[in-house]
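Reader: I should like to learn how to read burial, packing and ligand contacts from a set of coordinates. Could we work through an example together?

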Amino acid sequence: MKIQIRAVSQISPDQSVICIVGKDEIPSHIVLNRSEKEYALRRLSENDEYVFVNSYYKCTYFVKANTELPHFMMLEEIRKRASSMKQLIRANNHTEIVITSEGLSEDVSEAFAEGFILSIYSFRKYKTKEEEKEKGRYPQKILLHNIKNKDKVLWLSALCEAVYMVRDLINEPPNFLNAPALAREIKKIGNSAGFTVEVLNKGKIEALKMGGLLAVNRGSIDPPVFCILEWEPEGKVNNRPLVLVGKGVIYDTGGLNIKTGENMSQMKADMAGAATVAGIMYVMAKCNIPLHVIGLVPATDNRPGGNAYLQGDIITMFNGTTVEIGNTDAEGRLILADALSYAGKYKPELIIDIATLTGSAAMTFGNKAIAVMGNADEKYFKLLEEAGNMVYERVARLPFWDDYKEMLKSDVADIKNVGGREAGAITAGKFLESFTEYPLIHLDIAGTGILKKDDYYRIKEGPGSGLRLLAVFLKWLASEMEKR
Ligand code: BES
Ligand code: MN
Ligand code: ZN
């Protein structure tokens, strides 16, 4: 399912149009007859969510932007409005549709396109009946009127394609997508976009002594993988790379500390962080962002097989640290820790990890914010917050004091993998921090990355949380570094 986005400079009178306005006025470039105009104006002044005019040979939709809101909130309202209109737009069977605006900034049309495209996603790969597959119908072409900057069209297309890819990966059931299969899919994505992918297999992982990844994998019937994604463009603006690390738990049963039904139900999405890293790399390469970025994806499922790791085990991690296993359900931090230590070989400028890591983050912020913490320079957090507002994947900061690290003390090993019930999201972050000497930002998407029901254009199961956030963050970072 691929939707084309193109920029157009003209709208012909017979084309169907979505027109976003700031005032109760019909722009001159919208062709309607007098009674249609009167109708539209009356409805606009009544402050309806949107106005629909069916002229027999074309459809015209008007959407009013609330210009009193802060700009980034107005954009989000437009994205949500687009998702509320998806049934109606779909019912009209357009093969293409123009999006235009009047008296508003260009990004308003982009926001509508984005909200619309992201909201019509559905995962139908395993539907066998034609009429069920049919439900996925949509306008194949979205024409953005008067977007002067062609790069923006490319950016928006790449971003939407990447979100779709991430969602597809998350939605794939674990019996199809095990760790080796995930590695294959990531390779395909790399080939299509132009970044490289190296896959370390179990033998290599053993040789490297990645004790965290191997311990989690012990109860599994499939081998683990460790994927290294790299985008190193000519003319890169950074000397030291940025490293992204994504949690690739294919399915989290909890291991021997097994989860119960309700808690396990959506755990195929526990590789959302890994999928997101692949999606971000796709955007970087497709849009030729001049930033050297490396993605690390440790992947395995977490199962209670006969050889599964146990509560009480003491394991030795990739960097030699010993870890007492207090709970086999705190597996994400173990595979991430090995990747964070491994990242040290690149002497990175910054490491960002993204993971569906703790129920605690979900309990704290619900699906409204990504929990963020770390020890990196404040300038990065500031940029991340701005990016979060712009794409409306907002981040909420948690304290990251060393006091929390005390909760991870072990009597028998260097550290324990759980810190008790309190402050669970923070102690998980502190655990990760202790495995790298490089600046770290940790994003916990447990609340935003797995949804039980659709939240406008954030489609249930795996909405693709964090992708637009980090893609925009990296793009902005690249242009800031270019200026330096
Ligand atoms: N993948 C889960 C976290 C999670 C929970 C994500 C709910 C999305 C929704 C993680 O591996 C986990 O099980 N965390 C435990 C840690 C605990 C045992 C210290 C948790 O948060 O309960
Ligand atoms: Mn778990
Ligand atoms: Zn997990």
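Author: Let us begin with a single residue, bearing in mind that this is a predicted model. Valine 8 has a relative accessible area of 16%; residues under 20% count as buried, so valine 8 is buried.

Reader: In which element does valine 8 lie, and with which residues is it in contact, sequence neighbours within four places left aside?

Author: Valine 8 belongs to strand E1, residues 4-8. Leaving aside neighbours within four places in sequence, valine 8 is in contact with Val98, Leu143, Leu144, His145 and Asn146. For histidine 145, the separation from valine 8 is 137 residues in sequence, yet 4.9 Å in space, C-alpha to C-alpha.

Reader: How does one read a nonpolar core, and which residues of the largest one touch the most other members?

Author: A core is read as a set of buried nonpolar residues joined through side-chain atoms within 4.5 Å. The largest here has 110 residues, and those touching the most other members are Phe112, Leu182, Phe195, Val283, Ile441, Leu443 and Phe473. Helix H6, residues 150-171, gives the most to this core, with twelve residues. At least three residues of the core come from each of domain 1 (4-148) and domain 2 (164-483). Apart from this core lies another, of 38 residues, which includes Ala215, Tyr346, Ala355 and Leu440.

Reader: Which residues are in contact with leucine 182, neighbours within four places in sequence left aside?

Author: With those neighbours left aside, leucine 182 is in contact with Leu169, Leu177, Ile250, Met271, Ala274, Val297 and Ala299.

Reader: How may the length of helix H11 be checked?

Author: One compares the expected span with the distance between the end C-alpha atoms. Helix H11 (residues 272-286) has 15 residues and, at 1.5 Å a residue, should span 21 Å, because the expected span is 1.5 Å times one less than the number of residues. The end C-alpha atoms of H11 are 21 Å apart, which agrees. Of the 15 residues of H11, 14 are buried, so that the helix is mostly covered. Just after H11, asparagine 288 takes a positive phi of about 50°.

Reader: Which residues come nearest to ligand 1, and what polar contacts does threonine 356 or either of lysine 247 and lysine 259 make?

Author: Around ligand 1 there are 16 residues, of which Lys259, Asp270, Asp329, Glu331 and Gly359 come nearest. A polar side-chain atom of lysine 259 is 2.8 Å from an oxygen atom of ligand 1. For lysine 247, a side-chain N or O atom lies 3.2 Å from an oxygen atom of ligand 1. Threonine 356 instead places a backbone N or O atom 3.3 Å from a nitrogen atom of ligand 1.

Definitions and conventions:
Residues numbered from 1 in each chain as written. Chains lettered and ligands numbered in written order. Predicted model: local features only at pLDDT ≥ 70, side-chain atom pairs only at ≥ 80, totals over all residues. Heavy atoms only, no water. Buried < 20%, exposed > 50% of the residue type's maximum accessible area, 1.4 Å probe, protein only. Helix = DSSP H or I, 4+ residues; strand = E, 2+ residues; numbered from the N terminus. Domains from an automatic or database assignment. Contact = heavy atoms within 4.5 Å. Near = heavy atom within 4 Å. Polar contact = N/O pair within 3.5 Å; in protein donor to acceptor, adjacent residues only side chain to side chain.
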